[in-house]
Amino acid sequence: MHKGTEAPFSGEYDNFFKKGTYVCRRCGLPLYKSDSKFDAHCGWPAFDTEIAGAVKHVMPDFTHKMLGAADELECARCGAHLGHLFKGEGFTKTDERHCVNSISMKFIPEKKDDDGK
Ligand SMILES: [Zn+2]
């Protein structure tokens with residue numbers, strides 16, 4: 001098992017579509033908005049874009065490069081491993097799939113002051 005990668009379809013945020021923000025589990029930096037989350041059926045939470053500046057892109061290791069990963073994703077503040085970025089799959093208009101481990105993030109629900117939905 002690869003360091004920091006959970007088994008597919010096991011993570012608490014894989015099949016999870018509430019409104020809010022996903023923050024770094026280690027340092028609390030907001031990483032992804034629920035608006036950019038989509039169901040890629042890949043077994044891990046998938047986002048089509050990150051919060052600007054929150055995610056650092058580094059070279060993936062050999063195994064993930066062979067799997068087609070464009071970048072490895074890390075928290076820009078604390079360097080925690082988040083997941084991997086895949087490009088050119090055509091899932092959404094950004095054509096990016098940020099494949100992120102549930103265990104790397106914590107979900108903060110959106111405040112509901114408006115219409116309570
Ligand atoms: Zn962090």
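**A tour from the β1–β9 pair to the core**

Select strand β1, residues 20-24, together with β9: the two pair in the antiparallel sense over five bridges, where pairing requires that DSSP finds at least two bridges between two strands. Strands here are DSSP runs of E with at least two residues, while helices are runs of H or I with at least four, and both are numbered from the N terminus. Before going on, note that this is a predicted model, in which local features need pLDDT of at least 70, side-chain atom pairs count only at pLDDT 80 or more, and totals for chains, interfaces and linings use all residues. Residues are numbered from 1 along each chain as its sequence is written.

Within this pair, pick valine 23, which stands opposite lysine 106 in β9. Now add β2 to the selection, and an open antiparallel sheet of three strands appears in the order β2-β1-β9. Because β2 (30-33) and β9 (105-109) each have a single partner strand, they stand at the edges, and one side of each is left without a neighbour in the sheet.

Next, select arginine 77, in the loop between β6 (71-75) and β7 (81-87). Is this residue buried or exposed? Arginine 77 counts as partly exposed because it has 16 C-beta neighbours inside 10 Å; with C-beta atoms placed from the backbone, 20 or more others within 10 Å would make a residue buried, 12 or fewer exposed, and anything in between partly exposed. Leaving out residues up to four places away in sequence, arginine 77 touches Cys24, Cys27 and Leu29, a contact being two C-beta atoms, placed from the backbone, within 7 Å. Glycine 28 is 49 residues from arginine 77 in sequence, yet their C-alpha atoms are 9.3 Å apart.

For the interior, colour the largest nonpolar core, which has 19 residues, with Leu31, Leu82, Val100 and Met105 making the most contacts inside it; such a core is a set of buried Ala, Val, Leu, Ile, Met, Phe, Trp, Tyr and Cys residues joined through C-beta atoms within 7 Å. Strands β1, β2, β4 (46-47), β6, β7 and β8 (96-100) each supply at least two of its residues, and the largest share, three residues, comes from β7. Centre the view on valine 100, whose contacts beyond four places in sequence include Trp44, Phe47, Leu73, Leu82 and Met105.

Finally, zoom out to the protein chain, which has one helix and nine strands, arranged along the sequence as β-β-β-β-β-α-β-β-β-β. Its C-alpha trace spans about 50 × 30 × 25 Å along the principal axes.
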